[in-house]
Amino acid sequence: MHPSTSYPTATSLDDLRHNLDAVRGRIAAACARVGRDPAGVRLLPVSKTVDEARLRLVYAAGCRELGENKVQEAQRKAEALADLSDLRWSVIGHLQTNKARLVARFASEFQALDSLRLAEALDRRLQAEGRVLDVLVQVNTSGEASKYGLHPDEVPAFLHVLPTFSALRVRGLMTLALLSGDPARVRQCFARLRTLRDRLRQDAAPGIALDELSMGMSGDFEIAVEEGATVVRVGQAIFGARALPDSHYWPTPAA
């Protein structure tokens, strides 16, 4: 589906159930095309800008984890929905080191690890909280200077150091594809991440698991599934279109 596709706002429990079923159906169809089991793909609903009332509805529709780009928004929602004790939060956007303490308090997963400085800050805060955190290493597969993430060539050395941080459980890799109407160029980003993961798996250090490939959003998750995604981050196809463009939620590195 083209990235500019508009999605109607889901306001009721029925709307959300319908949209979740539709997305799961599209995941299943993509899996069937390449001989995969749909059970191997985790749907992570992305709830940025979605209010508490609608999050309670999507919980009622069966969702038990939500993804957020901005850690302060995620923490605010986690506190407001604290009565939903089995709801897990995944922080999927770039994190400044000085915000590591917030993630350490409430998140179950962090998908945008891209520096040793951040790994050290998270580990220190998690140790203080007595918690562990599932993490994915963000890789820049599009080659765009506007995107965060490690260059693919930097990932092997980065992974080699991560066992030092005992509160971080490395689960896999994450990427953002090129925002393009050309499916072949989008697919190339996902294939690059899968190929990198397959190569790194051969000599990964003990304690480093590379089972997860988080790739694909509302506009391109079917291509991602065809290329091996185990996690797809879907917001607008579930909740409806957002008022602000994606660039607002995926900040760009300073020049």
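These legends go with a few close-up views of a predicted model. Local features need pLDDT of at least 70 and side-chain atom pairs count only at 80 or more, while totals for chains, interfaces and linings use all residues. Residues are numbered from 1 along each chain as its sequence is written, and side-chain values use heavy atoms, with hydrogens and water left out.

**View 1. Helix H1 from end to end.** H1 covers residues 13-34; helices here are DSSP runs of H or I with at least four residues, strands are E runs of at least two, and both are numbered from the N terminus. Its 22 residues should span 32 Å at 1.5 Å a residue, and its end C-alpha atoms are indeed 32 Å apart (the expected span is 1.5 Å times one less than the number of residues). Just after H1, glycine 35 has a positive phi of about 70°.

**View 2. The two sides of H1.** Leu16, Asn19, Leu20, Val23, Arg26, Ile27, Ala30 and Cys31 are buried (under 20% relative accessible area; exposed is over 50%, partly exposed in between, with a 1.4 Å probe and protein chains only). Down the axis, these buried residues fall within an arc of 140°, so they line one face (the arc is that of the directions from the helix axis to the C-beta atoms). Over on the other side, Asp14, His18, Asp21, Ala32 and Arg33 are exposed.

**View 3. Glutamine 138 in strand E5.** This residue sits in E5, residues 133-138, and is buried, at 2% relative accessible area. Its contacts (heavy atoms within 4.5 Å) include Gln111, Asp114, Tyr148 and Met174.

Methods: Lists of a residue's contacts leave out its neighbours within four places in sequence.
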